[in-house]
Structures are given as C-alpha cells and as structure tokens.
Amino acid sequence: MSTSKSLVLSLLLLLGFSPLIAAANGSAPPQELWCVAKNNADDASLQAALDWACGAGGADCGPIQSGGPCYDPSSVQNTASFAFNDYFLKHGMTDDSCNFNNNAAVTSLNPSFGNCKFHSGMVGSNGSFAGSTPSSSVGLGPSEDLSGCRKVSWGWWLWSLMFMVSVFGS
C-alpha cells in the first residue's frame, strides 16, 4: 500500500474510533431530546392523550390555543406533540413521561415548525438527563427504551469506517 493511502487509512481509523475514546472518557457531547406524537398514532388516541396532558397532566397548552404560535387546527399530531413535549420536560424526561398510552416517542430531531418553537431537554454523555430530576411514574406506563440510542450512533460510525476502508483500502 502506498504511503499516502496508509496515511489516509490511519486518519480514517483514528476518526472512526474517536467516538469510542470520547465515550470512554465520558466526554461525548450532550444531545437535545424532544417528546413527540408518533406518526402512526390515530387522531382519536392523540386527542385523548392531548386532553389529558393539557388537563390533569398540567402541560402548558397556551401556545397551542387559538392565536398561539403553535396553534394548528389541521394537525392533531403537531398539537399533541407540543403538549407531550412540555409534559416530558416538566416531569423529568423519563421514559414514562413520554409515552401517552404508546402514542409518543423521544426524538433527537427538532419538531419546531414555523413560529412554533419546541423547548428541548438535554441528555448527557452517560445517558443521564441534564437539568432534570427523575419523577415517579404518573400512570402512563413504560415507554420505549432510550438505551438503544447510543447503539445506533455506534453502528453509524462502524458502517462509515467499513465503507472508508473498502474505498481507500484497495
């Protein structure tokens, strides 16, 4: 293998393993998280969960009321997402605080749209939530396991590394 290819391959390997080294040192950057309505949830279920979040759940639903920046009468999914996210942030960002009878999920994709800005929560490099304290379950039941998020990002690095090796290694 030529010297330039060896150098490129060495740099790619170093870059490919840098997330592993950063995670081992506990220095991975925090990640923003939001709780949103699932795409496959039916409108009636979302409406029931939205009514609970804005009522007994105590979410701040002012911005989704008529005249508010997040008012969208054409999309119960957008409306419910805003209320679910507010509840999630106020209740410690736990698995249980983003379930709503299995109608919601945590995402790292910002759901803000137009003038409607969703606040985010941060999760630290060790998987703990920054700026929040875990709350007890409020009867919403367990939700999706967030522990797999890190595994997905590791898989991305591994596939990228394998691609680079196959391109530059020959």
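This is a short tour of the model, stop by stop, with what to select at each one.

Before you click, note that the model is predicted, so local features need pLDDT of at least 70, side-chain atom pairs count only at pLDDT 80 or more, and totals for chains, interfaces and linings use all residues. Residues are numbered from 1 along each chain as its sequence is written, and side-chain values use heavy atoms, with hydrogens and water left out.

**Stop 1: strand β1**

Select residues 31-37, which make up strand β1. Helices (H or I, at least four residues) and strands (E, at least two) are DSSP runs, numbered from the N terminus. Five of the seven residues in β1 are buried; buried means under 20% relative accessible area, exposed over 50%, and partly exposed in between (1.4 Å probe, protein chains only).

Now show the neighbours of β1. Strands pair if DSSP finds at least two bridges between them. β1 runs antiparallel to β2, with four bridges, and antiparallel to β3, with three. To see one contact on each side, pick V36 with its bridge partner A105 in β2, then L33 with its partner G121 in β3.

**Stop 2: L109**

Move on to the loop between β2 (104-107) and β3 (121-123), where you'll find L109. Is L109 buried or exposed? L109 is exposed, at 64% relative accessible area. Add W34 to the selection: the C-alpha atoms of L109 and W34 are 7.4 Å apart, although 75 residues separate them in sequence.

**Stop 3: aromatic rings**

Rings of Phe, Tyr and Trp (its six-membered ring) pair if their centres lie within 6.5 Å; planes under 30 degrees apart count as stacked, over 60 as edge-to-face and the rest as tilted. By this rule there are six aromatic pairs. One of them is W52 with Y87, edge-to-face at 5.3 Å centre to centre and 65 degrees between the planes. This pair links helix α2 (residues 43-54), home of W52, to helix α3 (residues 76-90), home of Y87, across 35 residues. W52 is partly exposed at 29%, whereas Y87 is buried at 2%.

Next, select F82 and F118: their ring centres are 5.3 Å apart and the planes meet at 75 degrees, so this pair is edge-to-face. F82 belongs to α3 and F118 to the loop between β2 and β3, 36 residues apart. Both F82 and F118 are buried.

To finish this stop, show W52, F84, Y87 and F100 together, as they form one aromatic cluster.

**Stop 4: the cavity**

Keep F82 and F118 on screen and add N85, D86, L89 and H119: these six line the largest cavity. On a 1 Å grid over the protein atoms alone, a cavity is a set of points where a 1.4 Å probe fits but cannot get out, while a pocket is an open set with protein on both sides within 12 Å along at least five of seven lines; lining residues have an atom within 4 Å of a point. The cavity's volume is about 40 Å³, and the structure holds one cavity of 30 Å³ or more.

**Stop 5: the second largest pocket**

Finally, select Q47, L50, I64, Q65 and T79, which lie nearest the centre of the second largest pocket, among its 13 lining residues. Its volume is about 150 Å³. Which elements give two or more residues to this lining? They are α2 and α3, and α2 brings the largest share, four residues.

Key: Points joined across faces, edges and corners; volume = space filled by probe spheres on them.
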